[in-house]
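Student: I would like to go through the aromatic contacts of a protein with you. May I put the structure up and begin?

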Amino acid sequence: MRPVLVVLFALLSSAAVADDADSITQKILDFYSQPQDFAAQFTQVVERANLPDMPLKKRGRLFFKKPNLMRFDYLEPDRIHYVSDGSVLWNYIPESAIAYKLPVEDSELFYSLGFLFGVRKLDEDFIVQAGEENQDGLILTLKPKEDQAGYQEIRLLVATQNGEIRETTVVDPAGNESRITFDKVNYRTLDPAGFKFT
């Protein structure tokens, strides 16, 4: 292939990838602008850079309610609850009857799922790049426009037909990856009382 054609092909490919990223980003924004509530079962796999052969696996249920209510109930292997009103995140461990309180923006959950209902803005907070596509969807890589202490990259697995997010992966500065996969998703109205921690 002639050098000029190689350069032209590369430019066209880059433009196509950028169009894919813009198109999918808009589909995500359109999809999550409609439902007010979100509930699902989830599986979380944490792959640690220093222990690559010993991933941590967890399962549970998660709930979101616009504009900023969030709840995670980890059920396996240990019961742990995270409840947030949008500014404060409570972490409660029933077995020890201990509760921890921290700003929601200091939590990994905020980074990995906050954009589902507008807490984080895909098109404002991140540089979005389209990756490979498979039968499950298209991979989007999100690079923060400003350096973040809690993470360096987020990857989304997105359904190309409608923009629904099926999986999120957060990569922290140490190279650890936390992947959350959604199952049995529904968008029925949730009771606000379920997001209060006492």
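Student: Which charged end sits over the ring of Tyr74?
Tutor: This is a predicted model. In it, the charged end of Lys58 is placed over the Tyr74 ring, 5.7 Å from its centre.

Student: Is Tyr74 buried or exposed?
Tutor: Tyr74 has a relative accessible area of 6% and is buried, because buried means under 20%.

Student: Changing topic, how many aromatic pairs are there?
Tutor: The count is twelve aromatic pairs. In one of them, Phe31 and Tyr187 meet edge-to-face, with 5.7 Å centre to centre and 75° between the planes.

Student: Which parts does that pair tie together?
Tutor: Phe31 belongs to helix α1 (residues 3-32), while Tyr187 is in the segment after β11 (177-186), so the pair joins parts 156 residues apart in sequence. Tyr187 counts as partly exposed, at 28% relative accessibility.

Student: And why is the pair of Phe42 and Tyr74 edge-to-face?
Tutor: The planes of Phe42 and Tyr74 stand at 85°, with the ring centres 5.1 Å apart, so the pair is edge-to-face; the cut-off for that class is over 60 degrees.

Student: Where do these two residues lie?
Tutor: Phe42 lies in strand β1 (residues 37-48) and Tyr74 in strand β3 (residues 69-76), so their pair ties together parts that are 32 residues apart in sequence. Phe42 counts as buried, at 2% relative accessibility.

Student: Which residues do ring pairs link into a cluster?
Tutor: The cluster linked by ring pairs consists of Phe31, Tyr32, Phe38, Phe64, Phe182 and Tyr187.

Terms used: Residues numbered from 1 in each chain as written. Predicted model: local features only at pLDDT ≥ 70, side-chain atom pairs only at ≥ 80, totals over all residues. Heavy atoms only, no water. Phe/Tyr/Trp six-rings, centres within 6.5 Å; stacked < 30°, edge-to-face > 60°. Helix = DSSP H or I, 4+ residues; strand = E, 2+ residues; numbered from the N terminus. Buried < 20%, exposed > 50% of the residue type's maximum accessible area, 1.4 Å probe, protein only. Lys NZ or Arg CZ within 6 Å of the ring centre and 35° of its normal.
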